[in-house]
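User: Please take a close look at the cross-links and charge pairs within this structure. Go through which side chains are joined, where they sit, and how covered they are.

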Amino acid sequence: MYVYSGRLKETHITAGKAALLFLLVVSWVGIGLIGHDPWKPNEAYDFGIIHHFIQSGDWLLPQLSGQPYFDKPPLYYWTASAFAFLMSPWLPLHDGARLASGFYTALTLLFIGFSGRELFGKYRGWPAAVALIGCLGMLLRAHEILADNAFLAGCAVMLYGYALSVRRPQLAGLFIGTGLGIGFLSKGFIAPVLFIAISLTLLLFRNWRTRTFLSTLAIAVLCALPWLSIWPWLLYQHSPALFTEWAWTRNIGRWLEFARSGHYPEVFYYLTALPWMAWPAAPLAAWTVWEARKRVWHEAEFQLLLTALLVMLVALSIAPDINDKNGLPLLLPVALLATASLSTLRRGAANALDWFGIMTFALLAILLWWGWAGLLLNNNAKITHWLKDYQPGFEPAFEATAFWIAFVSTLLWMAFVWRTGRSVRRSLINWASGITLIWILVMTLWRPWLDSGKSYRYMVEDLTAHLPQDYACITGSHLGISEKAMLEYFGDFKWHSTRRAKCDLLLVQGERIAKPIESGIGWEKIWEGSRQGENSERFRLYRHIDN
C-alpha cells in the first residue's frame, strides 16, 4: 500500500522461491510433532484430557484423572482426539494427538499470510508467515500438545476477517464469526472479550464507523452463535452444576474476582516478554510504527493492527493466568506490522539483522553438533560432564535416521543462506531458516536426551516393574493431576477413591526428603524413583503391612 524510495528494492516471489518458502514452512511446522513422549508440564495436562476422551468415549466433559477439568472448552481436545484415533494404526496416541497442534499452526500461518496480502499487497503473504515462524515465542509452543494453538488459529482467522471487511464485508463477517467461535471453544470467554473490545475500539475511527462494517459485525455474531451456544447448552443439559462451575467458577467469576482484587503483580509481564517472544519481528514492527508515525492513526490497516495489539495487551495483562503461552495472540499483529516494514527498512538495518541471524544460528548449530558428538564419544569436555550430570542415567546411542536428517538439513541451510538473493525479505527468510535448522537439530540429535528428562515413561516403567504381583488396589497421596494422567497412560494405573486404608498400595509424590505418611504407621516403602535428572520431585511406593 505504501512504498518508499531509497530503500532496498522489493521483488516479486517466483514459483521456485514460493516452493522453497513452502518447504521451509512445512519443515518448521512438521519437525518435532512426532517421535517423543508427552513432556512435562504442559503436554501432560492436555494429553491427559485427550486420553480420557479416547478411552471413555465421552466427548462432552473434559476430564483429567476422573475429575472434570473445565479450564478450557473442548475444541482442541476433540481435534487432537480425532487425530490420535485416526492415526493410531501408525502412531502412538500422543504423537497422533500432537498433529492437532500442527494443523492449527498451519491454519494460523495460512490466515496470517492472507492478512498480510490483504493489508499490504499480494507480495506480503509469505513474508507475514515467515515473520511469524521466526518469532522465538512460537517455536516450542507451536509443537506442543497445547489448546492455546487452537485459540491462536481462531485469533488469526478473526484478524483476517477484520482485514477483509473493507473489501468483502459479508465474507469478512463469516471469517470473524468463525474465528470468534474457534477461539471461544478453545480458550473460553477471552475470545468474545477480544471481539467486543476490538470492534468497539475500531468504531471510534472514521474509516471503520460505517454501515458496511456494522453489517459485517452483525454477520459475525450470527456466524458465531452456533459455536458459542451448542456445547454450553449440551453441558447445561447434562449438568447445570457443571455448567455453573465452567461458566462462573472457572471463568467469569474467577476473572471478576481477580479484577476486583486490585493485585496485579504481573501486569507488565507481556510488555517485558514481548521483545523476546516476538524477536525479530518486534523491532521491525517498532520501526514500522515509527516510520509511519504521522499517519498510523489515519490509515485503516494501522488502525486495525495497533488496536488489536493494544486490546490484546490490556485484556491478557489483567487476566488471572499470565504466561508466554497465553500471550501468543500478541505475535499476530506484531508479525503483520513487521511485514509492513519491508518497504521502508534501511539497507544497513536489514544487513545487520541478516548477518546477526546467520552468525547466531551458525554458532548455535556448531555448539549443538559439538555437544552431541561429545555425548556420543564420551569425551572429557566440561560441557559433556555437565550434560551427563543433568540427565544421569541417559545412555547416548547413534541413530542413523536422525543423524542423516540433521546432516542434510545443515548442508541445505548453508546452501540456502548462500543462495538467498538480495531483497527486503532476505533478513526475515534467513532468520526463519536458521531457527528451523536449530529446531531440526534439537529434535533429531538431542531428542533422546530431552525425552529422558521430560518424559515420565521410564519412571513409570520402573515403578510398574516393582509392583507386587498380588496387590488388591493402589491409591495416591499428593499426586499432581498431570502426574496422575501420565501414570494412567504409561502404566494403566486405576486410582481408587476409597479410603486409603482399604488399598494395600500407596503412591506418594513428594520432595527429596520423605515426610511421614499422613495415615500413620503400618506402611513399608518398597520403591522410590523420579524422572531422570529430577532432583526435587520424588515418588515413593508403600505397601500396607498387616498387623
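Analyst: Cys473 has a relative accessibility of 9%, so this residue counts as buried. The cut-offs for that word and its relatives are as follows: buried is under 20% relative accessible area, exposed is over 50%, and partly exposed lies in between, with a 1.4 Å probe and protein chains only. Cys503, at 2% relative accessibility, is therefore also placed in the buried class.

Before going on, note that the model is predicted: local features need a pLDDT of at least 70, side-chain atom pairs count only at pLDDT 80 or more, and totals for chains, interfaces and linings use all residues. Residues are numbered from 1 along each chain as its sequence is written, and side-chain values use heavy atoms, with hydrogens and water left out.

Cys473 and Cys503 belong together. A disulfide is a pair of cysteine sulfur atoms within 2.5 Å, and a search of the whole structure turns up one. The sulfur atoms of Cys473 and Cys503 lie 2.0 Å apart, and these two residues form a disulfide. The torsion about their S-S bond is about -120°, which means that the disulfide is left-handed. The partners are 30 residues apart, and the link ties together distant parts of the chain. Cys473 sits in the loop between α21 (457–465) and β3 (474–477), while Cys503 sits in the loop between α22 (481–491) and β4 (505–510). The labels come from DSSP runs numbered from the N terminus: helices are H or I with at least four residues, and strands are E with at least two.

Which cysteine sulfur is closest to that of Cys135, and why is there no bond? The closest is in Cys155, but the distance is 15 Å, so the two are too far apart for a bond. From the other side, Cys155 is in no disulfide, and its nearest cysteine sulfur is that of Cys135, 15 Å away. Cys135 has a relative accessible area of 0% and is therefore buried. Cys155 is buried because its relative accessible area is 2%.

The next kind of contact is between charges. Side chains of opposite charge can pair when their charged atoms come close. A salt bridge here is a side-chain nitrogen of Lys or Arg within 4 Å of a carboxyl oxygen of Asp or Glu. By this rule the structure has 20 salt bridges. The pairs below are among them.

Take Glu537 and Lys40 to begin with. Their side chains meet in a salt bridge, with an N to O distance of 2.9 Å. The two residues are 497 residues apart, and the pair joins distant parts of the chain. Glu537 lies in the loop between β5 (523–529) and β6 (538–544), and Lys40 in the loop between α1 (15–30) and α2 (42–56). How covered are the partners? Glu537 has a relative accessible area of 8%, so Glu537 is buried. Lys40, with a relative accessible area of 25%, is therefore partly exposed. This pair also has company: Lys40, Glu483, Arg531 and Glu537 are linked in a network of salt bridges.

Strands β5 and β6 are also joined by charge pairs. One of these is the salt bridge between Glu524 and Arg543, at 3.6 Å from N to O. Glu524 is in strand β5 and Arg543 is in strand β6, with their positions 19 residues apart in the numbering. Glu524 has 34% relative accessibility, so Glu524 counts as partly exposed. Arg543 is likewise partly exposed because its relative accessible area is 32%.

Another pair between these strands is Arg538 with Glu528. The closest N and O atoms of this salt bridge are 3.3 Å apart. Arg538 belongs to strand β6 and Glu528 to strand β5, and the two are ten residues apart along the chain. Glu528, at 28% relative accessible area, is therefore partly exposed.

To pull this together: the disulfide joins Cys473 to Cys503, Glu537 is paired with Lys40, and β5 and β6 are linked by Glu524 with Arg543 and by Glu528 with Arg538.
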